[in-house]
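Let's take a walk through one corner of this fold together. Please have the viewer ready, and we will follow a strand and its partners.

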Amino acid sequence: MIVTAGSLFAQVQVGIVLPTKDEPRWIQDETRFLSALKTAGVTAEVVFSQGDSAKEKANVETLITKGIKILIICPHDGTAAAAAANAAKKAGVKVISYDRMIRDTASVDYYVTFDSVQVGAAWGNYLVSKASGKGNNLYLYAGAASDNNAFLFFQGAWSVLQPKIADGTFIVRNSSKAVGLSKKSNLTRDEQASIIGQVTTNWNFSDAISKAEANLTSATKEMKGKVYICAPNDGTARSIADTFAKDKDVTMYYITGQDAEIPSVQYIIDGKQSMTVLKDVRTLVSDAIAAAMAYLKGSVPAKTTTYNNGKVEVPAKPTAIITVTKENVKAAIIDSGYYPANTFTGL
Ligand code: BGC
């Protein structure tokens, strides 16, 4: 979709590449971009990669031929996207990594992101706040290993959950690797990868269901009852929650999420998902556009920290996150203007 409103320039100045239309999260980013771009005064085009790194690279190449000066890209696969970033860089385009980091290349100029380690810590804090006594059943799930964020989320969750696994508050029921590493607070990337490899959902709803079904099939009755589920985002949380809810030996579950997707906000209102993490996409979009405008004017965007992408330290200005539960859902989601009240029932 091309937005030209208010532009002084004929060509496409800013190319925006998003990973997939198959998840409400990224459709929301497109919608918020289109609305913010109306007043930004730049010409921009938004395209989707549909979970395919080759398509993503072809999208970037097309945008380069259209004359973009700035590329805002959320990679499908953080490492594979280095080739697309390198091609943009070679054409003199500034590269802004959006939400997910592009890894192992010096071609990333700026990173617009939320504090992803805090997202994982929010899951851990929520689950710990609901647990009492010892031996509580914990099921861990993770995002796609090709997404650097999956590691940051996991790191944040582990920082809070690991001491509670080590002291016996929780027993991890679906990852022998997590059990084996439960005495270690700081995991290497390879150690994180070994756990993520066992519990990944690949950010895919049907993979999440299959994994949850397999975990429940191999669990004894004692490993069910009341369960604590660390789910990595709203889409997979709904899939995993529905799967656990169907098991007659699961009497109660707590489950995390993130993104404040509309269906998950409804799940929270209905008591089917325990929490989500609101990552206010309006802020991410406006930070991305502000960075693009800064580059177009020949200056550099504001930074408060840097993130290592395996090759270089990338300047960034991470945005804070908000934990949303049934208790604060109205204030955080409706009263903040994030979604109108009539989007939901039973508020
Ligand atoms: C994003 C999440 C999203 C997930 C799956 C992550 O990189 O930060 O908001 O739910 O990808 O698309």
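## A right-handed β-α-β unit

In this predicted model, strand E7, helix H5 and strand E8 form a β-α-β unit of right-handed sense. Helix H5 covers residues 148-166, while E7 spans residues 136-140 and E8 spans residues 170-172.

## Neighbours of E7

Which strands pair with E7? One partner is E8, which pairs with E7 in the parallel sense over three bridges. Within this pairing, leucine 138 of E7 has valine 172 in E8 as its bridge partner.

Strand E9, residues 225-230, is also a partner: E9 runs parallel to E7 and is joined to it by four bridges. Here tyrosine 139 has isoleucine 229 in E9 as its bridge partner.

## How E7 is covered

Are the residues of E7 buried or exposed? Five of the five are buried, so by the cut-off each has under 20% relative accessible area.

This holds on both faces of the strand. Asn136, Leu138 and Leu140 are buried on one side, and Asn137 and Tyr139 are buried on the other.

## Cysteines and disulfides

How many disulfides does a search of the whole structure find? The search finds zero. As a reminder, a disulfide is a covalent bond that links the sulfur atoms of two cysteines.

Two cysteines are worth a look in the viewer. Cysteine 74 counts as buried because its relative accessible area is 0%, which is under the 20% cut-off. Cysteine 230 has a relative accessible area of 2% and is therefore buried too.

Conventions:
Residues are numbered from 1 along each chain as its sequence is written. This is a predicted model: local features need pLDDT of at least 70, side-chain atom pairs count only at pLDDT 80 or more; totals for chains, interfaces and linings use all residues. Side-chain values use heavy atoms; hydrogens and water are left out. A disulfide is a pair of cysteine sulfur atoms within 2.5 Å. Buried means under 20% relative accessible area, exposed over 50%, partly exposed in between (1.4 Å probe, protein chains only). Helices (H or I, at least four residues) and strands (E, at least two) are DSSP runs, numbered from the N terminus. Two strands pair if DSSP finds at least two bridges between them. A crossover is right-handed if, with the strands pointing away from the viewer, the path from the first strand over the helix to the second runs clockwise.
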